[in-house]
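Please open the model in your viewer and keep the sequence panel beside it. The tour goes from one selection to the next.

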Amino acid sequence: MRLTGLELRRVAMPLVSPFRTSFGTEYDRDVLLVRAVTGDAEGWGECVAMSEPRYSSEYVDGAAEVIRRFLVPALAALPSADPVAVEPVFAEIKGHPMAKAAVQTALLDAQLRAAGLSFGGYLGAVRERVPAGVSVGIMDSIPALLDAVAGYLGQGYLRIKLKIEPGWDVEPVRAVRERFGDEVLLQVDANTAYTLADARQLARLDPFDLLLIEQPLPEDDVRGHAELARQIRTPVCLDESITSARAAADAIALGAAAIVNVKPGRVGGYLEARRVHDVCAAHGVPVWCGGMLETGLGRAANVALAALPNFTLPGDTSASDRYFARDITAPFVLEEGHVRVPTGPGLGVEPDPDALGDHTTATEWLKIT
């Protein structure tokens with residue numbers, strides 16, 4: 001597959017409501033899209049880096065610069081832009097998994113479109129649709145939280161994830177349990193906001209029978225997570241700490257991860273995400289697909305990944321209208337609490353030209369010479 005060039009496209013996506021986590025509040029998404037153009041087809045990838053380096057060290061401007069200065073020259077030196085072949089070449093450039101994932105996804109989409117094979121079919125999907133959960137940000141008040149949760153349950157979401165931080169943890173969880181009952185699948189996500197010294201406070205969540213507590217401690221404190229897991233009953237799930245299949249294997253061996261959140265951008269792409277899935281499956285550790293407020297392009301790939309067999313928990317595979325009033329593809333919608341896996345070639349979705357044009361803030365063409 002001979003690559004002609006890459007287009008970097010910046011897209012501004014206003015959120016339908018502010019989304020607050022322990023590391024800040026987002027009001028819109030500054031999305032970097034990558035379009036790979038080959039002699040046979042075009043493919044799309046979405047970089048999930050945020051505008052500022054708060055969730056991870058990557059940020060949108062930096063990702064664009066890495067693609068421009070390092071990944072494109074690496075691609076130009078290859079005889080073929082095969083998505084598998086680029087992995088060892090990209091590995092010579094340290095870090096920047098989100099930038100690498102965006103480029104690799106665009107190449108994979110182009111390859112699969114040319115071959116007439118769907119993303120799900122290539123990855124090994126076993127389901128036609130996947131159960132959808134929803135992530136609920138930190139709110140200004142308990143009543144506001146309860147109203148939001150009631151709305152999502154009314155729409156049919158099968159699992160509720162509450163963002164938490166010190167000072168906003170036990171009481172909101174208690175309020176949701178008391179209002180909606182024990183039958184609601186409920187989990188919490190701390191985004192590294194606590195330390196091991198908070199173990200006693202986190203143990204206060206145990207009586208609420210949560211599915212899991214996600215990434216309570218800093219991403220480099222895997223041993224701390226293992227110790228925390230011995231002190232609380234709620235299963236510990238790792239997110240930010242899982243940067244590769246090897247990292248997943250190490251965390252499982254240490255007893256730090258009873259469950260794993262798989263985010264393709266965080267691990268460098270969907271091929272490595274599949275390896276994380278496989279490692280976890282081999283160790284009997286369930287996984288679910290996390291979200292980064294993706295547009296329909298990134299959401300299509302995530303939904304396909306979430307259809308693999310070891311994705312046994314509902315993921316952050318929400319409908320498009322959870323975040324955007326107008327997506328850049330045909331919207332993903334809930335069907336009895338599920339989202340359908342695209343079956344067309346590649347990602348199985350196409351950008352809507354009008355929506356894409358209206359949201360685009362800048363484009364740049366990078367020719368492969």
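What follows is a short walk through a predicted model, beginning with a pair of strands and ending with aromatic rings.

Begin by selecting residues 133-136, which form strand S5. Gly133 and Ser135 point one way from this strand, while Val134 and Val136 point the other way, and all of them are buried. In a regular strand, side chains alternate between the two faces of the sheet.

Next, add residues 159-163, which make up strand S6 and run parallel to S5, the two being joined by 4 bridges. If you display Val136 of S5, you will find Leu162 of S6 standing opposite. Now include residues 142-155, helix H5, and you have the parts of a right-handed β-α-β unit made by S5, H5 and S6.

The aromatic side chains come next; the structure holds 5 aromatic pairs. Select Tyr152 and Tyr157, which form an edge-to-face pair with 6.0 Å from centre to centre and 80 degrees between the planes. Are these two rings buried or exposed? Tyr152 counts as buried because its relative accessible area is 13%, under the 20% cut-off, and Tyr157 is likewise buried, with a relative accessible area of 4%.

Then select Arg159 together with Trp288: the charged end of Arg159 sits over the ring of Trp288, at 5.4 Å from the centre of that ring.

For the last stop, select Phe19, Tyr323 and Phe324, which together form one aromatic cluster.

Terms used: Residues numbered from 1 in each chain as written. Predicted model: local features only at pLDDT ≥ 70, side-chain atom pairs only at ≥ 80, totals over all residues. Heavy atoms only, no water. Buried < 20%, exposed > 50% of the residue type's maximum accessible area, 1.4 Å probe, protein only. Pairing = 2+ DSSP bridges. Right-handed = clockwise from strand over helix to strand, strands pointing away. Phe/Tyr/Trp six-rings, centres within 6.5 Å; stacked < 30°, edge-to-face > 60°. Lys NZ or Arg CZ within 6 Å of the ring centre and 35° of its normal.
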